[in-house]
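Hi,

Here is the structure I promised to send over. Have a look at it first, and my notes follow underneath.

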Amino acid sequence: MTRILILGGTREAVELAQRLHERAGLQIVSSLAGRTRTPHMPPGEVRVGGFGGSAGLRDYLIRERIDLLVDATHPFAERMHGNAVRASREGGVPILRLERSAWRQEPGDRWIAVDGVEDAAQAAPEHGRRAFLTTGVKELAAFREIEPVWFLVRLVDPPAAPLPLHHYELILGRGPFAATDEEALMRHHRIDLLISKESGGDSTYGKIAAARILNIPVIMIRRPATSSGLEVVASTDAAVERIAELCGGRPS
Ligand code: NAP
């Protein structure tokens, strides 16, 4: 049996577990951080919660006799990515990175690219007064001083406390989001600015298409860099193919 640990929290990680879990010769374990209350659950064995840094993950890889580590975490899960790379090196376990491609600007897009969430917050008042903010709960604190802008904030789960923003409305929702629905939402709230991470993928692209249709600027937070020297695949199909080459695993 070849044992594969998939670091998840993304749609691609669930799809990969679905594609691999019935393959002969493979045992799949999926790992979730435990952030969302009702996550999309992959089939097969699932563990939830942090490992305790890169050393904890390295020890887990050794103890659980993992043969391949697949880092399919979100492009902005920077800490987990760094831990995965270190643990793979120190534990002598090969690693494959599954990372969806970034979105590409299309004609009509009005993107303002920034390097991080603090830069996004600083830039916001220059570009709009009613912003649709979709960065996720962890990043909201960066916008706490931004008094002139009203925010429409979309989160997956209800927050434990009031949001650290001067003026906002909270909505809950989980993708995929259709462009037509995003357009209607943005019209309804008279949104004049979108603030988004450069997450890539289809599931949250609707707001980007809607901003283009509505001629609204987008403050686009660039991705953190992927560690150099890693083997990276950009789709579940490519990951399945590469894992078959590396580990076998025939369709059953
Ligand atoms: P992060 O800052 O990179 O990681 C923080 C800590 O959370 C890690 O050090 C690790 O704890 C734990 N962790 C993260 N992913 C884990 C996983 N798959 N399994 C077990 N532990 C994990 O991560 P984040 O940005 O908070 O994201 C948390 C999770 O949400 C990730 O799995 C990611 O794929 C998913 N997600 C993130 C975003 C985003 O925008 N950041 C968006 C959608 C989904 P230890 O050090 O204790 O091991």
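**Where the two domains meet**

In this predicted model, 12 residues of domain 1 are in contact with 13 residues of domain 2. To help you find your way around: domain 1 takes in residues 2–101 plus 225–246, while domain 2 runs over 111–221. Their C-alpha centres sit 29 Å apart.

The interface between domain 1 and domain 2 buries about 970 Å², and carbon and sulfur atoms give 47% of that. On the domain 1 side, the residues that lose the most area to domain 2 are Arg11, Arg37 and Phe76, which together make up 50% of what that side buries.

What about polar links across the interface of domain 1 and domain 2? There are 7 residue pairs in polar contact, but 0 salt bridges turn up. The residues on the side of domain 1 that touches domain 2 are 3 nonpolar, 5 polar and 4 charged.

**The ligand**

Now for the ligand, which has 23 residues around it; Gly8, Ser31, Phe51, Met80 and Lys197 come nearest. Some backbone atoms to click on:

- Phe51: a polar backbone atom is 2.7 Å from an oxygen atom of the ligand.
- Gly52: a backbone N or O atom lies 2.9 Å from a ligand oxygen.
- His74: here too a backbone N or O atom is 2.9 Å from an oxygen atom of the ligand.

As for how covered the ligand is, it exposes 800 Å² when taken alone, and the protein buries 83% of that.

Cheers

How values were computed
Residues are numbered from 1 along each chain as its sequence is written. This is a predicted model: local features need pLDDT of at least 70, side-chain atom pairs count only at pLDDT 80 or more; totals for chains, interfaces and linings use all residues. Side-chain values use heavy atoms; hydrogens and water are left out. Domain bounds come from an automatic or database domain assignment. Contact means heavy atoms within 4.5 Å. Buried area is the accessible area (1.4 Å probe) that two parts lose on being put together, summed over both. A salt bridge is a side-chain nitrogen of Lys or Arg within 4 Å of a carboxyl oxygen of Asp or Glu. A polar contact is a pair of N or O atoms within 3.5 Å; within protein, one must be able to donate a hydrogen and the other to accept it, and residues adjacent in sequence count only if both atoms are side-chain atoms. Ala, Val, Leu, Ile, Met, Phe, Trp, Tyr, Cys and Pro count as nonpolar, Asp, Glu, Lys and Arg as charged, and the others, Gly among them, as polar. A residue is near a molecule or strand if one of its heavy atoms lies within 4 Å of it. Accessible areas come from the Shrake-Rupley method with a 1.4 Å probe; for residues, only the protein chains shown count as cover.
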